[in-house]
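Here's a short set of exercises on a ligand site. Grab your viewer and work through them in order.

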Amino acid sequence: MKWEVYEVSSPVRHYTGGRFHTTGEPFPLIDPVDGRTVGTVPEADRATVDAAVRAAREALSGPWASYTAADRARMLHRIADGIEARFEEFVAAECADTGKPRELAAAVDVPRGVANFRAYADLSVSRGEQAWHTEAPEGRGALNYTVRKPLGVVAVVAPWNLPLLLLTWKVAPALAMGNTVVAKPSELTPSTAHLLAEVIDAAQLPAGVFNLVHGHGADAAGAWLTGHPGVDAVAFTGESATGSAIMRAAADHLTPVSFELGGKNAGLVFADADLEAAVAGTLRSSFTNSGQVCLCTERVYVERPVFEEFAEALARGAREVAYGPMVSAEHRDKVLGHLRRAAGDGRVLAGGGAPEFGDARDGGFWVRPTVLAGLPEDHPAVREEIFGPVVHLAPFDTEEEAVALANAGPYGLAATVWTGDLARAHRVAPRLDVGIAWVNTWNLRDLRTPFGGVKASGIGREGGHHSLDFFSEPMNVCVRI
Ligand code: NAD
């Protein structure tokens with residue numbers, strides 16, 4: 001099998017106050033496909049983070065303050081146009097950083113980056129606010145109405161799995177509502193964020209409205225930014241444990257947070273399902289992006305009469321799936337650690353370790369798509385988020401048991417239900433303790449719908465008006481009539 005080598009077209013730099021620079025010690029940027037160093041990234045020091053936050057604060061009272069919602073929406077569309085004009089560069093940068101297959105970056109990551117700007121541009125201009133005509137008992141009347149104000153300076157911290165998609169998912173609504181932004185992408189995948197800064201610069205967003213700093217998370221740029229007294233809100237996507245650390249830091253300044261965190265998503269396959277569709281859907285939901293999507297299915301419960309048939313077909317499919325590497329050596333080692341332990345305690349139906357290619361890819365961070373079975377429910381591979389191409393199968397006997405199994409554990413992000421019984425679909429889906437349940441499909445997204453998780457999977461909802469609400473402050477005006 002041949003593989004492509006992708007290059008990043010422009011060296012990664014910070015963008016603060018409308019200026020690109022490389023202040024700070026550089027650290028290497030590694031291609032996960034073969035472990036090559038493909039560039040360097042400047043590690044922001046505390047002064048760079050301070051300068052970014054200061055620039056964002058100053059920009060709140062600059063020309064940006066006089067932009068109407070329609071002006072801001074026009075600017076968002078201009079940014080979307082700018083990404084589209086450099087589409088192939090964005091795709092190449094996403095592939096170079098993550099190692100993901102080109103088709104995925106070209107079909108999902110970059111188009112969704114564009115769609116995020118367009119969707120929030122359109123939603124923000126078509127938005128209305130509430131008003132009440134109030135009649136008080138003693139005959140005093142009033143008109144109450146809500147006005148929405150920006151929060152101020154918003155910190156956006158994003159993970160490495162869908163770098164552009166997840167960063168723009170927050171940057172776009174934050175800008176649409178008139179905030180200024182300091183963004184920090186993952187240290188592992190900074191390149192499309194840098195290209196975005198170039199597009200924003202070319203679109204002539206006023207200096208300081210969008211700022212970008214690079215660097216690590218703990219005891220580094222991520223922590224300094226999210227705990228900064230000059231930040232008015234934190235929007236974060238990443239691990240649940242990181243969410244806890246950010247919340248502790250944000251607590252000092254009572255900074256509001258919106259969190260999209262980890263998952264250990266369940267799939268339920270009922271015997272009345274279209275099994276072929278359930279197998280194909282589960283292959284997609286477990287192995288897309290090599291399992292490195294927060295919405296990926298890592299546990300599948302199958303009704304006993306069809307368990308063996310489903311397991312066999314899924315294992316067969318897993319051997320054929322096209323896949324990319326894990327994002328880093330550290331993450332590969334974590335996934336392989338889970339697999340070693342699971343292999344000793346249960347059954348490996350497909351995959352089960354690192355592939356050997358006999359070429360440069362052996363220097364990369366690959367793990368074969370793996371199907372496990374026979375592990376107890378309290379096993380780490382069934383309970384903990386692996387975030388790799390690994391799915392565990394277990395049988396169930398009743399609908400009640402299926403719901404209980406899906407709802408067990410600390411996470412509550414997403415679930416899939418495969419059934420041919422319409423009544424069952426509507427009965428089961430709402431009982432699942434998750435933010436998003438899919439029936440007979442997976443990851444079919446409408447950007448206007450609420451998105452987020454319960455339990456350890458998140459705080460708050462984003463998507464559509466939920467994002468516009470989070471990134472703005474409602475204020476009531478009461479006028480005596
Ligand atoms: P991570 O939490 O390690 O890192 C995410 C970001 O936070 C990075 O930019 C990192 O530098 C920064 N960071 C790390 N420690 C920090 C700290 N103490 N203070 C401030 N910032 C800090 O997550 P990851 O490994 O990049 O991403 C994978 C995780 O993200 C998985 O758990 C996955 O489920 C989750 N995720 C969730 C969603 C969702 O929508 N719910 C989407 C994608 C990924």
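**Exercise 1.** Which residues come nearest among those around the ligand?

*Solution.* Keep in mind that this is a predicted model. Start with the whole shell: there are 31 residues around the ligand. Now pick out the ones that come nearest, and you get Ala158, Glu187, Thr242, Leu261 and Glu385.

**Exercise 2.** Find polar partners for the oxygen atoms of the ligand, counting N or O pairs within 3.5 Å.

*Solution.* Begin with the side chains: a polar atom of Glu385 is 2.5 Å from a ligand oxygen. Next, check the backbone. A polar backbone atom of Ala158 lies 2.8 Å from an oxygen of the ligand, and for Gly217 the backbone distance is 3.4 Å. Then look at burial: on its own the ligand has 850 Å² of accessible area, and the protein covers 92% of that.

**Exercise 3.** Where does the ligand sit, and which elements give two or more residues to its shell?

*Solution.* First, the site: the ligand is in the largest pocket. Then go through the elements, and three turn up: helix H7 (221-226), strand E10 (233-237) and helix H8 (240-251). Of these, H7 gives the most, with 3 residues.

**Exercise 4.** Sort the shell by residue class, then by domain.

*Solution.* By class, you should end up with 15 nonpolar, 11 polar and 5 charged residues. By domain, at least three shell residues come from domain 1 (14-261 + 457-480), and at least three from domain 2 (265-446). Both domains, then, contribute to the shell around the ligand.

Methods: Residues numbered from 1 in each chain as written. Predicted model: local features only at pLDDT ≥ 70, side-chain atom pairs only at ≥ 80, totals over all residues. Heavy atoms only, no water. Near = heavy atom within 4 Å. Polar contact = N/O pair within 3.5 Å; in protein donor to acceptor, adjacent residues only side chain to side chain. Areas by Shrake-Rupley, 256 points an atom, 1.4 Å probe, with all protein chains shown as cover. 1 Å grid on protein atoms, 1.4 Å probe; cavity = no way out; pocket = protein on both sides within 12 Å on 5 of 7 lines; lining within 4 Å. Sits in = over half its atoms within 2 Å of the grid points. Helix = DSSP H or I, 4+ residues; strand = E, 2+ residues; numbered from the N terminus. Nonpolar A, V, L, I, M, F, W, Y, C, P; charged D, E, K, R; others polar. Domains from an automatic or database assignment.
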